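This report introduces a protein structure to a reader who has not met it before. The sequence and the structure are shown first, and the description follows.

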Amino acid sequence: MAVPQLDLHKHNPGRDVPMPIQTKELPAGNIVETYKFGETTVHICDDFIVRSPSQIAKVIREMHEAGWAIIANQKSEAD
């Protein structure tokens with residue numbers, strides 16, 4: 001059974017703003033994976049992985065806060 005959406009998807013053909021080209025230096029860690037999507041290159045670096053229990057708990061808490069903020073925003077837009 002399909003779940004009805006509160007807000008319909010809004011398609012904006014031809015009005016997307018292009019992203020600026022960024023030329024940042026790569027992080028100092030080891031690049032463990034590299035992906036190419038068209039003209040975009042994505043490097044997965046191992047120095048951005050949290051390992052301690054307190055860091056993991058902080059990341060999980062930030063994900064929950066972001067999720068609740070999205071839910072609250074959608075709820076306020078529906079009212």
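What share of the 79 residues in the protein chain do buried residues make up? Buried residues account for 1% of the chain. The structure is a predicted model, and the confidence of the prediction accompanies the description below.

**Confidence and overall surface**

The protein chain has a mean pLDDT of 78, with 65% of its residues at 70 or more. Among its elements, helix α1 has the highest mean pLDDT, 91, and strand β2 the lowest, 86. The chain exposes about 8000 Å², of which 60% is supplied by carbon and sulfur atoms.

**Secondary structure**

The protein chain contains one helix and two strands. Read along the sequence, these elements follow the pattern β-β-α. Strand β1 covers residues 31-37, strand β2 covers residues 40-45, and helix α1 covers residues 53-78.

Strands β1 and β2 run antiparallel and are joined by six bridges. Within this pairing, Ile31 stands opposite Cys45 in β2, while Thr34 stands opposite His43 in β2. The two strands form a hairpin with two residues between them. In this hairpin, Gly38 takes a positive phi near 65°.

**An aromatic pair**

One aromatic pair is found in a search of the whole structure. The ring centres of Tyr35 and Phe37 lie 6.2 Å apart and their planes meet at 25°, so the pair counts as stacked. The cut-off behind this assignment is that planes under 30 degrees apart count as stacked. As a general point, side chains in a regular strand alternate between the two faces of the sheet.

**Exposure of selected residues**

The table lists the relative accessibility of both members of the aromatic pair and of one residue in the helix.

| Residue | Relative accessibility | Class |
|---|---|---|
| Tyr35 | 38% | partly exposed |
| Phe37 | 53% | exposed |
| Val59 | 32% | partly exposed |

Phe37 is classed as exposed because its relative accessible area is 53%, and the class begins over 50%. Tyr35, at 38%, is therefore partly exposed.

**A nonpolar patch**

Which residues make the nonpolar surface patch of about 390 Å²? The patch is made by Val50, Ile56, Val59, Ile60 and Met63. Of these residues, Val59 is found in helix α1, and its relative accessibility of 32% places Val59 in the partly exposed class.

Conventions
Residues numbered from 1 in each chain as written. Predicted model: local features only at pLDDT ≥ 70, side-chain atom pairs only at ≥ 80, totals over all residues. Heavy atoms only, no water. Patch = residues over 30% accessible without salt bridge, like charges linked within 9 Å, V, L, I, M, F, W, Y side chains within 5 Å. Areas by Shrake-Rupley, 256 points an atom, 1.4 Å probe, with all protein chains shown as cover. Salt bridge = Lys/Arg side-chain N within 4 Å of Asp/Glu carboxyl O. Helix = DSSP H or I, 4+ residues; strand = E, 2+ residues; numbered from the N terminus. Buried < 20%, exposed > 50% of the residue type's maximum accessible area, 1.4 Å probe, protein only. pLDDT = per-residue confidence, 0-100. Phe/Tyr/Trp six-rings, centres within 6.5 Å; stacked < 30°, edge-to-face > 60°. Pairing = 2+ DSSP bridges.
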